[in-house]
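Student: I would like to learn how to read helix packing, burial and chain contacts in a model such as this one. Could we go through them in turn?

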Amino acid sequence: MTLRGNTRKKVDWGRREFLLGSLGWGFAASGGLSVLGGCTKRDWRADTFIAKVQNYEADIVSAFGKGFRELAVGAEEIKGKRILLKPNLIEPHAGAGHINTHPGVVRAAAEAFLRLGASEVLVGEGPGHSRDSVLVLEESGLGDVLAGEHIPFVDLNYEPGYKARNLGRQSRLATLTLPATLARADWVVSVAKMKTHHWAGVTLSMKNLFGLMPGIYYGWPKNVFHWEGIDRCIFDINATVKPHFAIVDGIVGMEGDGPIMGNPHHAGVIVMGRNLPALDATCARIMGIDPYKVVHLAASSGRLGPIRESDIRQRGERIASVRTDFALLDRIHAQRGIRLGSR
Amino acid sequence: MMKLPDSQIVSQMETLRGRALSGGGFSHRPAGEYRADATAWAAMALAATGTEEGLLGMARDRIADEQQEDGRVSVSPEHPEAFWPTPLAVLAWEGSPAHREAQSRAVTFLEKTTGRHFVKDPDAPVKHDTSIKGWSWVAGSHSMVEPTALSLIALRTAGQGEDGRTREAIRMLMDRQLSAGGWNYGNTSVYGQELYPQTENTGLALDALAGRVSRNDVARSLGYLEERLTHVRAPLSLGWGLLGLGAWGARPGNARLWLRESYELQRKYGPYDTTLLSLLLLSFLATGGLGSVVGRQGAG
């Protein structure tokens, strides 16, 4: 199946899944890309905002305020709403802050939403590699921030779940079990980290939603999704959850062997938007990565959002002014040949 | 009722009792619904303190009532594939003649169940031997360290001898041990880089392997854990870390002080869930690994 407006590459679950399947970490669940389940292609346009933020001591709240204005996120929309912020806290290690969303970004996002009149902001995460959420909060530094600001934390790994029909239908999973907190949130906001990833190419706002899925039903790590196909499951979770907004912490991201073992990379940006594929495509371009060569982004193109550059209105900084190529490793299949401009 | 040795622990017991449900069993959080894992942990804690025999019996009965035909105990009836509480149930029923049959069926389920395995590809980016069978969190997924270690502890506690299945699971854990010491959830090296160890998994694996491999085989892991516990106070990591060291006769002298500091973290994070409260209590009472407190009435 050819992507709209792009004849360079087909949506091809099979190539990656063949590779992953041969490693035992993925499984070719079915044939080609389905267009069922409300994910039929259509024209999309989306706005994405890029702010230069040099370090975590900077005024991040103001960057959010400007971004909200540019993206028409105002008090009339947010007032009285319950906002669930979902950071990336996959696995904490003291002194390795580039693994997780920085606590300062989470705090600033909470403050920005509260300034718009949100009735409550809560932070929820189901860390993929660690069952000990207190350790995650202690070692990431987020625990002190949340306690200081009286922001509640919900460990999504242990939340009672409810079954939702899988609206993406790219994996064999007929339903997805989502945490109860999700049903009580008016707005779901992915607050991700800008990182390369050794199975998915990149981990940004879409991949970050793996952490919504309770470990009590999917395990630690959420290996069920590996067997169903990581890219397919990223698509399915996003199609089903339909998050309202996303933020990517790219002040210091991770390059190379992400999501854990890579090196810090200072990109000096925070990127945000209402449409996650558009936001992630913009982040990929900032990282010097072709979003059409990232399987889950290519698959999302036209179905969950736009990834073509001309369909995304860039607000704030231009991509060219902040582009900084993240190191990619040739030995990692998912990172091979995905550099922007490479053949 | 026996006298518990510490007022803070008495307070935690009261909190635990407050989680008991009228129909038997325990919730994971206050005012929550029944959960098999929370109930099994609470039952272990009640049994170890020798208190609340009525609640203990009702908890054990509730797990048995929810047990499925094939012996598994799942996290909820809607999710039979999430059978990871089964070894917890085996431990919760230990020492109860009335639940011997239920325990036996759960043991049989564990003996018949494995994670998903495949022949190791020498060119694969994951280094561990993917063919060695252990146990998984949920059906249809790969064997991981924690469910494998917990199943080994449960089978040993239930008096199962070392058979081929057990020996293979021990081999799996040894294969997943990091060369620098410690275990994580279950990956050793990916694309040529060794991953980080994790405290909780290391404690569990050490507890499961005590008496089954030589001290020399796990020396680096013991060293990693001893160093980590000097500053980790998060309850799951500390609780399992102390049990893991205790199983090797290396329980630190400050263990109870550290456990009190862990309880204190509730001022910052709010009340711990039932599993954490029970684990801390068991770790407080333990002299060695989990086996030193489970199935021994009034271990304190």
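The dialogue below takes up the nonpolar core, two helix pairs, a buried helix and the contact between chains.

Tutor: A word on conventions: residues are numbered from 1 along each chain as its sequence is written, while chains are lettered from A and ligands numbered from 1 in the order in which they are written. This is a predicted model, in which local features need pLDDT of at least 70 and side-chain atom pairs count only at pLDDT 80 or more, whereas totals for chains, interfaces and linings use all residues.

Student: Which residues have the most contacts inside the largest nonpolar core?

Tutor: In soluble globular proteins, nonpolar side chains tend to be buried together. A residue is buried if 20 or more other C-beta atoms, placed from the backbone, lie within 10 Å of its own (12 or fewer is exposed, in between partly exposed), and a nonpolar core joins buried Ala, Val, Leu, Ile, Met, Phe, Trp, Tyr and Cys residues through C-beta atoms within 7 Å. Here the largest core has 198 residues, and A109(A), I270(A) and M44(B) have the most contacts inside it. Helix α2 (residues 36-49) of chain B gives the most to this core, with 11 residues.

Student: How does α2(B) pack with α4(B)?

Tutor: Helices are DSSP runs of H or I, at least four residues, numbered from the N terminus; axes are lines fitted to C-alpha atoms over the stretch in contact, with angles from 0 to 180 degrees between N-to-C directions. The axes of α2(B) and α4(B) (residues 86-93) lie 8 Å apart at about 30°. The two are therefore roughly parallel, given that angles under 35 degrees count as roughly parallel, over 145 as roughly antiparallel, 65 to 115 as roughly perpendicular and the rest as oblique.

Student: At what angle do α6(B) and α7(B) cross?

Tutor: The axes of α6(B) (residues 145-157) and α7(B) (residues 164-175) come within 10 Å and cross at roughly 140°, which makes α6(B) oblique to α7(B).

Student: Is α11(A) mostly covered or uncovered?

Tutor: Helix α11 (residues 276-286) of chain A is mostly covered, with 11 of its 11 residues buried, among them D280(A) and R285(A). G288(A), which follows α11(A), has a positive phi near 75°.

Student: How many residues of each chain are in contact with the other?

Tutor: Two residues are in contact if their C-beta atoms, placed from the backbone, lie within 7 Å. By that criterion, 31 residues of chain A are in contact with 37 residues of chain B. Helices α1, α5, α6, α8 and α9 of chain A each supply at least two residues of the side that touches chain B.
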